[in-house]
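Open the model in your viewer and colour it by secondary structure. Keep the sequence panel beside it. The stops below run from the whole chain down to single residues.

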Amino acid sequence: MNVPVMADQGIKWDWPLHKGDGVVNVLDDDTHFEVGLEAHHFLPKEIEVKNIGELLEIHMEHTVKTDQLGDVSRSVTRCYRLPNNVDMKSIKSNLDSNGILHIRGNKMH
């Protein structure tokens with residue numbers, strides 16, 4: 001008996017700080033969307049998340065910091081199209097203790 005092979009239809013975002021291939025999966029279902037982005041090198045005050053129409057802009061930047069590699073400054077800005085039917089007023093972000101920036105929003109019904 002053959003088992004059908006389905007293609008992954010999920011939303012993917014490129015994220016330059018993500019280990020491996022730099023691609024993260026976005027959870028998008030009938031009730032909400034959610035994504036987790038690696039942000040290990042940044043503090044909450046160095047991260048800005050805002051929506052611009054149907055786009056979500058994520059900007060992270062810090063001034064020069066000294067680490068084991070020497071003096072390093074980092075800046076990342078990306079814009080992504082939000083999934084359909086996201087309630088813009090419900091979008092929230094949180095940087096967890098593992099350095100993952102979680103962004104989520106509820107869907108409108």
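How far apart do the end C-alpha atoms of residues 14–109 lie, and how much of the span is helix and how much strand? Select that range. Its end C-alpha atoms are 28 Å apart. The span is 0% helix and 58% strand. Residues 14–109 are listed by UniProt, in an unreviewed entry, as "domain: SHSP". Bear in mind throughout that this is a predicted model.

**Whole chain**

Zoom out. The protein has 0 helices and 8 strands. Read along the sequence, the pattern is β-β-β-β-β-β-β-β. Along the principal axes, the C-alpha trace spans about 55 × 40 × 25 Å. Switch on a surface: the protein exposes about 7500 Å². Carbon and sulfur atoms supply 50% of that area. Of the 109 residues, 30% are buried. Now consider contacts with a separation of 6 or more: residues 24 or more positions apart account for 42% of them.

**The sheet of 5 strands**

Select strands E1, E2, E3, E8 and E7. They form an open sheet in the order E1-E2-E3-E8-E7, with antiparallel pairing. E1 (11–14) and E7 (92–95) are the edge strands, each pairing on one side only. From one strand to the next, the twist averages 20°.

Stay in this sheet and isolate E3 and E8. Their antiparallel pairing runs over 7 bridges. Pick Glu-38: its bridge partner in E8 is Ile-100.

**The sheet of 3 strands**

Next, select E4, E5 and E6. This open sheet has the order E4-E5-E6, again with antiparallel pairing. Here the edge strands are E4 and E6, each of which pairs on one side only. Neighbouring strands are turned by 10° against each other on average, direction ignored.

Which residues of E5 face Lys-50 and Ile-52? Narrow the selection to E4 (residues 47–52) and E5, an antiparallel pair joined by 6 bridges. Lys-50 stands opposite Glu-57 in E5. Move along to Ile-52, whose bridge partner in E5 is Leu-55. The hairpin of E4 and E5 has 2 residues between the strands. Click Gly-53 in this hairpin and check its backbone: the phi is positive, near 65°.

**The core**

Hide the surface and show nonpolar side chains. In soluble globular proteins, such side chains tend to be buried together. The largest nonpolar core in this model has 20 residues. Which elements give two or more residues to it? They are E2 (23–28), E3 (32–38), E5 (55–67), E6 (70–81) and E8 (100–106). Compare that list with the sheets: E2, E3 and E8 belong to the sheet of 5 strands, while E5 and E6 belong to the sheet of 3 strands.

Which residues have the most contacts inside the core? Ile-58 and Ile-103. Finish on Ile-58 and show what surrounds it. Leaving aside residues up to four places away in sequence, Ile-58 touches Trp-15, Leu-37, Glu-48, Val-49, Val-76, Thr-77, Arg-78, Tyr-80, Leu-101 and Ile-103. Ile-103, the other residue named for contacts inside the core, is thus on the list of residues that Ile-58 touches.

How values were computed:
Residues numbered from 1 in each chain as written. Predicted model: local features only at pLDDT ≥ 70, side-chain atom pairs only at ≥ 80, totals over all residues. Heavy atoms only, no water. Core = buried A, V, L, I, M, F, W, Y, C linked by side-chain atoms within 4.5 Å. Buried < 20%, exposed > 50% of the residue type's maximum accessible area, 1.4 Å probe, protein only. Helix = DSSP H or I, 4+ residues; strand = E, 2+ residues; numbered from the N terminus. Contact = heavy atoms within 4.5 Å. Pairing = 2+ DSSP bridges. UniProt positions renumbered as here; feature names shortened; annotations may be inferred. Areas by Shrake-Rupley, 256 points an atom, 1.4 Å probe, with all protein chains shown as cover. Axes fitted to C-alpha atoms, helices over the stretch in contact; angles between N-to-C directions.
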